[in-house]
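Thanks for coming. I will take one chain today and go through a few places in it. Please have a look at it first.

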Amino acid sequence: IERIGVYTSGGDAPGMNACLRAVVRTALANDLDVMGIRRGYEGMIEGDFVEMDRRSVSNIVQTGGTVLKSARSPAFMNPEGRARAMRMLKEYKVDALVAIGGDGTMRGANILHDEHDIPVVGCPGTIDNDLYGTDTTIGYDTALNTAIENIDRVRDTADAHNRLFLIEVMGRDAGFIALNCGIGGGAEMVLIPETITEMEVVKERLLSLMSAQRRSTIVIVAEGDELGGARGIEKALLDDSDFNDIDLRSTILGHIQRGGSPTASDRVLASRLGVGAVESLLDGHSEVMVGLVNSEVKLTPLRNVWGRKKSIDYDLLKLTQILS
Ligand code: F6P
């Protein structure tokens with residue numbers, strides 16, 4: 001390997017820049033050239049490449065977003081798009097890749113490798129924490145802390161008005177953020193995509209919580225929850241006369257959770273995984289994602305990363321019930 005390409009793709013996550021910095025500096029320390037590929041697979045197809053040196057990653061370890069920008073690329077979904085991306089990589093003499101992103105990014109890297117035989121190593125970057133092969137993903141800890149900080153703010157106003165609040169957090173298919181910020185934020189109820197909850201059960205529990213003269217009640221809802229997120233549940237409650245006397249509001253935290261300076265733990269994780277990705281390529285590994293399992297850097301075959309479901313901790317779910 002003489003020149004690696006590195007890109008960030010899909011939903012950005014705090015710590016992606018710290019990871020990029022680690023990839024670039026580790027590669028340079030090993031006498032490899034580095035091309036940054038802007039806007040993920042979209043930029044790969046369009047040849048939007050930029051040469052990276054030590055200084056191009058100065059002062060970014062602390063920043064959110066991604067200096068390489070990110071995109072979701074419909075064109076890369078078809079073989080023609082991927083063939084064009086490969087032509088660009090050849091033109092720029094990129095002979096190995098480090099992909100930083102979530103499951104869509106890992107799938108893209110995997111199919112590119114299968115079709116065109118270019119070595120690829122993935123780094124897990126997503127706030128959702130839904131990748132198998134790493135205890136936590138880059139960005140998850142920051143998102144969790146951001147969510148909790150905002151839940152605390154909502155609690156103040158909920159408490160002042162004795163209100164019932166539905167707070168929706170991100171997590172299209174996974175409840176990691178919801179479950180953990182529910183516990184950390186002292187929520188009375190947590191609704192996640194991994195469990196099936198009947199609306200009637202939710203109503204019953206809420207009525208019992210409210211009738212216990214609580215000062216405020218907070219329900220954390222993952223956006224992917226099957227009851228339709230905070231808005232869906234709000235509608236169902238407003239349509240029910242049993243809730244006529246209950247003062248109800250809903251808040252969607254949304255993309256606030258994706259931004260901001262990465263926490264110390266995300267910066268360290270991102271740095272370790274960035275170094276690990278380049279070292280793995282140099283050791284001859286490919287089609288793997290580098291992750292942290294029980295505090296050790298571990299490699300997982302790319303197809304397992306999304307093929308196997310990373311389970312939430314069901315003991316934590318029980319905890320939300322005990323503690324509410
Ligand atoms: O995958 C990360 C994530 O933030 C999800 O939690 C969320 O559903 C999605 O991205 C939002 O994507 P977009 O920014 O494209 O709307």
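Is Pro14 buried or exposed? Before the answer, a reminder that this is a predicted model. Pro14 counts as buried, because 31 C-beta neighbours lie inside 10 Å, and the cut-off for buried is 20 or more. As for where it sits, Pro14 is in the loop that runs between strand 1, residues 3-9, and helix 1, residues 16-29.

What does Pro14 touch, leaving out residues up to four places away in sequence? The contacts are Gly64, Gly139, Thr142, Gly260, Ser261, Pro262 and Asp266. There is also a pairing with Thr126 to point out: 112 residues separate Pro14 and Thr126 in sequence, while their C-alpha atoms are 8.3 Å apart in space.

Next, the annotation. The UniProt record, an unreviewed entry, lists Arg21, Ala22, Val23, Val24, Arg25, Arg155, Gly186, Ala187 and Glu188 under "binding site". These positions do not all gather at one spot, because they span 168 residues in sequence and the farthest two C-alpha atoms are 45.5 Å apart.

I will take two of the listed residues, Gly186 and Ala187. Gly186 is in the loop between helix 6, residues 176-184, and strand 7, residues 189-191. Ala187 is likewise in the loop between helix 6 and strand 7. Which of the classes does each fall into? Gly186 has 14 C-beta neighbours inside 10 Å, so it counts as partly exposed. Ala187 has 24 other C-beta atoms within 10 Å and is therefore buried. Again setting aside residues up to four places away in sequence, Ala187 touches Gly182, Ile218, Val219, Ile220 and Thr320.

That loop follows helix 6, so on to the packing of helix 6. Two packed helices are described by the angle between their axes and the distance between the axes. The partner here is helix 5, residues 140-161: the two axes come within 9 Å and cross at roughly 45°. That angle makes helix 5 oblique to helix 6. The handedness of the crossing of helix 5 and helix 6 is right-handed.

Which residues meet across helix 5 and helix 6? From helix 5 they are Tyr140, Ala143, Leu144, Ala147, Ile148 and Ile151. From helix 6 they are Phe176, Ile177, Asn180, Cys181 and Gly184. Sorted by class, this contact has nine nonpolar residues, two polar and no charged ones.

That is where I will stop. Comments are welcome.

Key
Residues numbered from 1 in each chain as written. Predicted model: local features only at pLDDT ≥ 70, side-chain atom pairs only at ≥ 80, totals over all residues. UniProt positions renumbered as here; feature names shortened; annotations may be inferred. Helix = DSSP H or I, 4+ residues; strand = E, 2+ residues; numbered from the N terminus. Buried ≥ 20, exposed ≤ 12 C-beta atoms within 10 Å, placed from the backbone. Contact = placed C-beta atoms within 7 Å. Axes fitted to C-alpha atoms, helices over the stretch in contact; angles between N-to-C directions. Parallel < 35°, antiparallel > 145°, perpendicular 65-115°, else oblique. Left-handed = near helix turned anticlockwise from the far one by under 90°. Nonpolar A, V, L, I, M, F, W, Y, C, P; charged D, E, K, R; others polar.
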